[in-house]
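Take a look at the chain and its fold before reading on. We will walk through it one part at a time.

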Amino acid sequence: MSLANALLPQLMQNLGLAASAYAGGTLAVHSPIDGSQLALVPTHSPQQVTAIIGKAHESFLSWRQTPAPRRGELIRLLGEELRASKTDLGKLVSLEAGKILSEGLGEVQEMIDICDFAVGLSRQLYGLTIASERPGHRMMETWHPLGVVGVISAFNFPVAVWSWNTALAIVCGDSVVWKPSEKTPLTALACQALFERAAKRFGDAPQALSQVIIGARDVGEALVNDTRVALVSATGSTRMGREVGPNVAKRFGRSLLELGGNNAVIVTPSADLDLAVRGILFAAVGTAGQRCTTTRRIIAHHSVRETLIERLKKAYLALPIGNPTAPGTLVGPLIDQASFEAMQQALSQARQDGASVFGGERVLQDQFPLAYYVKPAIVEMPSQTAIVCHETFAPILYVMGYADFKDAIAMQNDVPQGLSSAVFSNDLREAETFLSVSGSDCGIANVNIGTSGAEIGGAFGGEKETGGGRESGSDAWRNYMRRATNTVNYSKELPLAQGVRFDV
Ligand code: NAD
């Protein structure tokens, strides 16, 4: 029995799932750790999805009547369930998505954090009172629950993305239908089981408040095209967003798109190189380079470029690569063979463009013939060619040089994606310029920390081909509600706005 299969039954049982929930179906799930088949999960047909959306809509109609602070209580209970199951769910993320255990646990912690945030938010869903130009009138805005929220998620954050959306949607009075990645349905079934436990303890939540639909693209499309789904929150590749965005827009639905990134770090002459090396290392090779916020490009001043590259290479040589559940491992496997092939193709294109490539080769083939472990690559580029401007979802770090800080910012912005960015600098002018209107054009811009590992308190998302969506903290909750502007006349007159006269 494979390593992953040996651990699975106990984990699933602890998380409240009977073996029948993930056996006898047609969707084969493989562990990226050793390539072994973990389960055959039953899938939903598009017709079943239609019925599930119907139930979600009914649930919405009753849930929206529940006062928001009471809705928050359900999310407080979900947070408790997640705390109790943090280790089991974290391990399952590791088995199914190949993350090192510490990152699997970190992902569950992020779920707990967003639950805490949403509980507080359930007493803070406020609108404005606005000065009216008419005497004896009051103008205000009210925020109402929106409807059914469809969540489509990617394999690399198999549980956190659901919780970012669901914790907010539920306190905002919505219901949720979740289509997880076809590569990670087991973690989705586990989250659903935890939600159901919380709902049972809550008592009177509608039955179909949160549901999971399992399947590939066709199942996602059924969700996208259903007019009863008021908001489609879709996380994944830019290719997926290019299909989902226009399809939702065609029916005048709302979409929240969280798509690919191509994140850069600028290292200036005044940078603290110890800090820069540590920050870049985690952001470039954490999750084996499979985060939307992974650092994919370094733009280093010519005076520090060589030293930085040497230090990074030294750090890369010391990276423990292997089974992500083993203590001490820092780099786990790529998700699958297709991902490995895409990485090799990108490296070969970079070589044709004149790059010098360090690392990038497959390792541990003897131990794991069906899994894909690689040495993260450092690729010194003569310039920012087309392949550098493309997001390859693997640990490839392209390094370019610059002489003038303005050119570095221009290079950082000169890619189609706009998710995350950072500058390492101890020069206040450079740091502030980077954050200013003429600086980074990304949704996330950092100083002296890497591009990945955002906290849930801030709004998360990016510009351009990253899709423009914002979820998680700050005022992202507004995506999950509809706004009504109300004017109340408490006078005995009926003055019209803009001084218009309409007297008979
Ligand atoms: P993917 O685009 O292949 O799949 C994502 C999800 O979309 C899956 O559930 C898939 O079944 C579904 N899907 C695909 N086409 C669809 C369609 N036409 N209609 C409806 N659903 C469809 O992405 P992936 O390989 O799972 O994940 C990696 C990508 O996700 C990377 O590009 C990464 O940058 C991005 N990502 C972005 C964020 C973010 O917050 N910006 C977070 C995580 C991952």
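**A walk through the model**

Begin at K464, which sits in strand β21, residues 463–464. This is a predicted model. The phi of K464 is positive, about 55 degrees, although K464 is not a glycine. Most residues other than glycine have a negative phi. Is K464 buried, exposed or partly exposed? K464 is partly exposed, because 18 other C-beta atoms lie within 10 Å, and a buried residue needs 20 or more.

S474 also has a positive phi, near 50 degrees, and S474 is a residue other than glycine. Find S474 in the loop between β22 (471–472) and β23 (481–489). S474 has 13 other C-beta atoms within 10 Å, so it counts as partly exposed. The cut-off for exposed is 12 or fewer.

Now turn to the sheet. Seven strands form an open sheet, and their pairing is mixed. Read across it in the order β12-β15-β16-β11-β10-β18-β19. Which strands lie at the edges? They are β12 (356–358) and β19 (444–447), each of which pairs on one side only. Neighbouring strands of this sheet are turned by 20 degrees against each other on average, with direction ignored.

Start at the β12 edge. β12 and strand β15 (residues 377–380) run antiparallel and are joined by three bridges. F358 has its bridge partner in β15, and that partner is I378. Helix α14, residues 428–435, packs on the sheet. This helix touches β10 (263–267), β18 (420–424) and β19. The direction of α14 makes about 170 degrees with that of β19.

Next, look at β10 and β11. These strands pair in the parallel sense, over five bridges. A264 has its bridge partner in β11, namely R297. Strand β11 covers residues 295–301. How many of its seven residues are buried? The count is seven of seven, and the strand is mostly covered.

What about the nonpolar residues? In soluble globular proteins, nonpolar side chains tend to be buried together. Here the largest nonpolar core has 144 residues. Within this core, A118 and V379 touch the most other members. Which residues does V379 contact, leaving aside its neighbours within four places in sequence? They are L347, A350, A355, V357, I396, L397, Y398 and V399. There is also a second, separate core of six residues. Among its members are C292, L419, A454 and F460.

Now find the ligand. How many residues surround the ligand? There are 29, and the closest are A154, G220, G236, E258 and C292. The elements that give two or more residues to this shell are α8 (217–224) and α9 (238–250). Helix α8 gives the largest share, four residues. The shell is made up of 12 nonpolar, 10 polar and seven charged residues. C292 links two parts of this walk: it is among the residues closest to the ligand, and it belongs to the second core.

End with E196, in helix α7 (residues 185–202). E196 is partly exposed, because 16 other C-beta atoms lie within 10 Å. Now compare its place with that of G360. The two residues are 164 residues apart along the chain, and their C-alpha atoms are separated by 43 Å.

How values were computed. Residues numbered from 1 in each chain as written. Predicted model: local features only at pLDDT ≥ 70, side-chain atom pairs only at ≥ 80, totals over all residues. Near = placed C-beta within 6 Å. Nonpolar A, V, L, I, M, F, W, Y, C, P; charged D, E, K, R; others polar. Core = buried A, V, L, I, M, F, W, Y, C linked by C-beta atoms within 7 Å. Contact = placed C-beta atoms within 7 Å. Pairing = 2+ DSSP bridges. Axes fitted to C-alpha atoms, helices over the stretch in contact; angles between N-to-C directions.
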